[in-house]
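Thanks for passing this one along. Here are a few friendly notes to read beside the coordinates.

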Amino acid sequence: MKKTGIFYGSTTGTTKEIAYKIGKLLNIDEKDIHNVADSKPSDVDPYEVLILGSSTWGKGQLQKDWYDFMDGLEALYLKGKKVAIFGCGDETMGDTFNAAVGEIYRRLIPTQCEFIAPYDGIGYEYEHTPAEVDGVIRGLILDEVNHPEATALRLRGWTDIIRDEMK
């Protein structure tokens, strides 16, 4: 299994809770689950697989703790690392539903990382999501506000995809 680290930003605790659920499903030790508010971008160095999670706020912004961490992360050379992205959002927020997933994806393209685990948006109703790039949703999008009943099944499906990449 490839060494995997989870990095999340959470304001209300929802994204943190999801990060730990992902960790449990993938048998990732809690010491490898990091709050970006307490982490440095260089903390990603020991990991071959990175799972990055943020909620979306306001008009499509990242969770506030992500900004400094992301500035440093996008300056790194991540070639050889696999990156999976997850986000928490509210489908009623028009065209910004899970925008943070798309922002993380776009900002990390220059790092030459390999993106893994795109996932569908089936079951959600939204106008548009910036998480969709070139017709593909670039990570796991969740809505714990309107569809908490869908989360467990979506997490299992998405972590199955990641597990295959961790071999």
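1. Let me start with a strand pairing: strand 1 (residues 4-9) runs parallel to strand 3, and 6 bridges link the two. To find the register, look at glycine 5, which lies opposite leucine 50 of strand 3. Please keep in mind that this is a predicted model.

2. Strand 3 also pairs with strand 5 (residues 82-88), again in the parallel sense, through 7 bridges. Here leucine 50 is set opposite valine 83 of strand 5.

3. How is strand 3 joined to strand 4 (residues 61-62)? The two are antiparallel and share 2 bridges, with threonine 56 opposite leucine 62. Together strand 3 and strand 4 make a hairpin with 3 residues between them. If you check backbone torsions, glycine 58 in that turn has a positive phi of about 55°.

4. Is strand 3 mostly covered or open? Of the 9 residues in strand 3 (residues 49-57), 8 are buried.

5. On to the interior. The largest nonpolar core has 48 residues, and those touching the most other members are Ile22, Ile51, Leu52, Trp66, Phe86, Leu108 and Trp158. Elements that each supply at least two residues of this core include strand 1, strand 3 and strand 5, along with helix 1 (14-25), helix 2 (66-73), helix 3 (99-108) and helix 4 (148-165). As background, nonpolar side chains tend to be buried together in soluble globular proteins.

6. Finally, tryptophan 66 deserves a look in your viewer. Leaving aside residues up to four places away in sequence, its contacts include Phe7, Tyr8, Val36, Leu52, Leu73 and Ile104.

Note on methods: Residues numbered from 1 in each chain as written. Predicted model: local features only at pLDDT ≥ 70, side-chain atom pairs only at ≥ 80, totals over all residues. Heavy atoms only, no water. Buried < 20%, exposed > 50% of the residue type's maximum accessible area, 1.4 Å probe, protein only. Helix = DSSP H or I, 4+ residues; strand = E, 2+ residues; numbered from the N terminus. Pairing = 2+ DSSP bridges. Core = buried A, V, L, I, M, F, W, Y, C linked by side-chain atoms within 4.5 Å. Contact = heavy atoms within 4.5 Å.
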